[in-house]
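Work through the following exercises with the sequence and the model at hand. Each task is followed by a solution in steps.

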Amino acid sequence: MSDLHIYNSLSRQKEKFEAINPPYVGLYCCGPTVYSDVHLGNTRTFISFDLVYRYLKHLGYNVRYVRNITDAGHLTNDQGEGKNRMEDQAKLEKLEPMEIVQKYTVGFHEVCRLFNLLPPTIEPTATGHIVEQIEMTQKLIDNGVAYESNGSVYFDVKAYNDKGNNYGILSGRNIDELIAGYRDLDGQEEKRNSVDFALWKKASPEHIMQWSSPWSSGFPGWHLECSVMSTKYLGKQFDIHAGGMDLKFPHHECEIAQNVGACGNTPVRYWMHTNMLNFNGQKMSKSLGNSILPMEFVTGNHPLLDKPYSAMTVRFLFMQSHYSSELDITIKGLQDAEKGLRKLMNAAKYLSEIKFDSITVEEKQDKIISDLCAECKVVMDDDFNAPKLIAVLHELATLINIYYNDGKKINNISDSTFNLLQTTYNAYLFDVLGLQDEVATGNNDALDKVMQLVIDIRKQSRENKDWTTSDKIRDALKEANINIKDGKDGTTYEIG
Ligand code: AMP
Ligand code: ZN
């Protein structure tokens, strides 16, 4: 069905993508922990996998895209110890934990809409799958890779490895070193080994979020929810599991161990990990206190920013670097992204206005355009290379601009190549990259009417030799980043 190749973090190499059950593809992405607003770093990861989802759909796959909501606690320490984030935030905001969950889930969805993310086909919550998490925990105990201790249940990493498995297969970690590293952490006394992680935690009486289970009234471990929900909706083995690089260990390593321990096979064919969004050279994160909220970009209300930047500018900036590379947010990067996005959007508008007027087909030009169209697929098939795709679209946009400025007509390529150009350009810009023309999607009608009025006043003032008014209009439009062009058919405007 395709020549798609994906860098698989498990094999540490690029592999040809073969769907387990084509045309169906199962895609799972670890979703947000909804105890506070998602920051721009989280958003980068979700945008990267939106691109993956969109491209798989573009290739014709029937994708079941599962992205969960972590709402059952998610302890502050990855080994399943520490404080419960949802409860802590509930106490801080004087709300019920489920009000915290609702508030930040709604906020997350607003961010998704703002950045034009397609909704997943299933968005399961951890609290909605407590029964299944208890069942998987019981199965792991029955299979000899988990044990109960003082009302809590832990995954027995050594027993798992003794059965011929490899805890560390994904991250390359060695368990002896891990055991040494975890020695000093709190809450180790219940465990057989410090590397063991919680599947079920007994709750103390003051704990608000707790459920009954065969072992204690308590709550499930964070790693377990993703194993349970991916297996429930995508099966014991599915195609792609996605998440940020910071989740590779221990979260994804534990997921693999749980699935192998419970179901007897490795759950995922292709593991994909996105790289981090940095700010001032450091990973953007809530705990480091250097996170920026998506809305702060849109309003411009942040000390880093010189002005507001639209959601599509930020999305475009993200697309300009490969998902596996680190990305640093800079003002220069945002300014360049704003210009680049405008050029591609203007070309899309011109392309819809250009008329096909074929006189003589020039083989060379025809081939240049059809080759560039084919190149869009080639670069995306190479591990979703959006930056290279943008470079190809820029080349096409330059050619479109030439046709547009030359009487808005195309006269030297075949009509099938012209159709190919239109469908390819629009499909990759809008459907695959998920970009939107914010001018067109905003209140364009109103802007068009106002601009027509401005253009008329300018024309009138020039006819009356009222240079003060016409200069004032010119300067104000320049300030607003709006260019007006006087052509044979009248005056038009464009942004940027
Ligand atoms: P969390 O809500 O902390 O579980 O994070 C949700 C998703 O955002 C996970 O896939 C993380 O790997 C990802 N993430 C967190 N910080 C960053 C960052 N600075 N850049 C990119 N992705 C991130
Ligand atoms: Zn997960």
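**Exercise 1. Backbone at Phe384**

Task: locate Phe384 in the chain, and decide whether Phe384 is buried or exposed.

Solution. Phe384 sits in the loop between α12 (363-381) and α13; helices (H or I, at least four residues) and strands (E, at least two) are DSSP runs, numbered from the N terminus. This is a predicted model, in which local features need pLDDT of at least 70, side-chain atom pairs count only at pLDDT 80 or more, and totals for chains, interfaces and linings use all residues. Residues are numbered from 1 along each chain as its sequence is written, chains are lettered from A and ligands numbered from 1 in the order in which they are written, and side-chain values use heavy atoms, with hydrogens and water left out.

Next, take the accessibility. Phe384 has a relative accessible area of 1% and is therefore buried (buried means under 20% relative accessible area, exposed over 50%, partly exposed in between, with a 1.4 Å probe and protein chains only). Last, take the torsion: phi of Phe384 is near 55 degrees, a positive value in a residue other than glycine. Most residues other than glycine have a negative phi, and most peptide bonds are trans.

**Exercise 2. Lys408 and the cis peptide bonds**

Task: state where Lys408 lies, and which residues a cis peptide bond joins at an omega of about 0 degrees.

Solution. Lys408 also has a positive phi of about 55 degrees without being a glycine. Its place is the loop between α13 and β18 (409-410), and at a relative accessible area of 27% Lys408 is partly exposed. The cis bond with omega of about 0 degrees joins Phe249 and Pro250, and Pro250 belongs to helix α8 (residues 248-263). Another cis bond, with omega about 5 degrees, joins Pro22 and Pro23; Pro23 is in the loop between β2 (13-16) and β3.

**Exercise 3. The largest cavity**

Task: find which element gives the largest share of the lining of the largest cavity, and why this cavity lies between two domains.

Solution. Start with the volume, which is about 90 Å³. On a 1 Å grid over the protein atoms alone, a cavity is a set of points where a 1.4 Å probe fits but cannot get out, and lining residues have an atom within 4 Å of a point. Grid points are joined across faces, edges and corners, and a volume is the space filled by probe spheres set on the points.

Then sort the lining. Among its residues are Arg44, Phe318, His322 and Phe384. α1 (40-58), α10 (311-319) and α13 (386-405) each supply at least two residues, and α1 gives the largest share, four. The cavity lies between domain 1 (5-274) and domain 2 (278-432) because both give residues to its lining; the bounds come from an automatic or database domain assignment.

**Exercise 4. The zinc site**

Task: name the protein donors of the zinc ion (ligand 2).

Solution. The donors are Cys30 (SG), Cys226 (SG) and His251 (NE2), at 2.0 to 2.2 Å from the ion. Donors are N, O and S atoms within 2.8 Å of the metal (3.2 Å for Na, K and Ca); water is not among the atoms, so sites may look incomplete. Along the chain the spacing is C-x195-C-x24-H. Cys30, in the loop between β3 (24-29) and α1, and Cys226, in helix α7 (residues 222-234), are 196 residues apart. Cys30 is buried at 6% relative accessibility, and Cys226 is buried at 1%.

Key: 1 Å grid on protein atoms, 1.4 Å probe; cavity = no way out; pocket = protein on both sides within 12 Å on 5 of 7 lines; lining within 4 Å.
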